Amino acid sequence: MSKARASGGDLRWLSAAACLAERGRPLSRPNPAVGCILVKDDRVIARGWTQPGGRPHAEAMALAAAGAMAKGATAYVTLEPCAHDSARGPCCAGLLAGAGVAKVVVGANDPDPRTAGSGNAMLRGAGITVVEVEHEGCAASLAGYLTRSALGRPFVTLKLALSLDGCIALASGESQWITGTAARAHTHLERARHDAILVGGGTLRADNPRLDVRLPGLEARSPDRWVLTRGDAPDGWQALRDPADLSALAPAQYLFVEGGAHTAAAFLAADAVDRLLVYRAPIVVGGGRAGVADIGLGSLSDAHGRWRQVDRRTLGTDTLEVYARTR
């Protein structure tokens with residue numbers, strides 16, 4: 001049987017489902033945050049996303065909201081519907097088939113061996129048209145889950161707050177504040193989207209940071225606190241010995257690294273950074289402390305080709321640049 005192809009409309013609805021999936025991050029752990037939109041006659045009839053703790057799944061939420069209207073609809077799902085029943089509920093491929101949907105458009109195949117193609121096969125076996133798409137937006141919304149599946153570690157974002165000349169502090173160590181209030185608020189939003197947050201032992205000793213989320217309504221979304229250290233972690237913290245071994249952070253699907261310079265260098269040298277957030281303030285420090293310590297490059301050519309800019313925006317007087325790794 002030849003596979004059905006995605007239309008422009010299919011891609012548009014998948015993009016919407018990927019945005020919807022973000023509502024489940026990171027509360028859905030240990031399950032991935034998935035989005036599902038049910039469409040009939042080019043109109044949304046229901047939508048759902050993975051709930052806290054991983055259940056109900058996105059498809060189950062959308063189908064429950066649609067009721068009988070799901071019959072004949074098209075389901076847009078960011079991740080291949082699961083094919084295995086569990087004690088917490090039936091599989092989503094079975095639910096979609098039972099609801100009588102006519103078509104399912106899948107934005108990313110599931111690497112979980114319990115599904116891994118079986119979900120799509122189950123749907124096709126029920127006479128449902130299945131469209132498989134390698135959708136960039138869906139993959140981005142599932143970055144934590146896909147990275148954990150492929151590499152056995154969380155998806156890592158490194159945050160740097162720098163002056164125009166690349167400093168994170170004065171030579172004396174004074175660093176509050178390099179960036180303004182809008183950039184700092186955005187940092188707190190990023191914290192709320194991560195399972196865990198990490199600083200180095202030097203930052204912990206010097207600043208004793210809270211590393212919580214201080215945005216109205218999101219205070220309960222503060223991530224687990226980790227410190228990069230060879231010693232013991234204080235109460236309320238957990239210790240990471242080596243950035244090259246992030247398996248200790250299981251089951252975290254997303255890690256936010258806030259520095260300082262030696263911690264940033266350690267993660268970069270270990271090739272354990274997937275995304276860079278560079279908050280750049282319009283100030284020149286001159287002779288201050290560099291944002292990143294030596295990462296052991298043998299030549300300048302080794303620094304090229306590692307990153308591509310995927311976003312750039314203004315936050316008050318500051319600028320945010322977002323980079324994704326290219327290899």
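The following exchange looks at the pockets and one strand of this structure.

Mentor: This is a predicted model, in which local features need pLDDT of at least 70 and side-chain atom pairs count only at pLDDT 80 or more, while totals for chains, interfaces and linings use all residues. Residues are numbered from 1 along each chain as its sequence is written, and side-chain values use heavy atoms, with hydrogens and water left out.

Trainee: Which element gives the largest share of the lining of the largest pocket?

Mentor: A pocket is an open set of points on a 1 Å grid over the protein atoms alone, where a 1.4 Å probe fits, with protein on both sides within 12 Å along at least five of seven lines, and lining residues have an atom within 4 Å of a point. The largest pocket has a volume of about 1,200 Å³, a volume being the space filled by probe spheres set on the points, which are joined across faces, edges and corners. Elements are DSSP runs numbered from the N terminus, helices (H or I) having at least four residues and strands (E) at least two. Seven residues, the largest share of this lining, come from α7.

Trainee: Are the side chains of strand β3 buried or exposed?

Mentor: In a regular strand the side chains alternate between the two faces of the sheet. Thr74 and Tyr76 point one way from β3, and Ala75 and Val77 the other way. With buried meaning under 20% relative accessible area, exposed over 50% and partly exposed in between (1.4 Å probe, protein chains only), all of these residues are buried.
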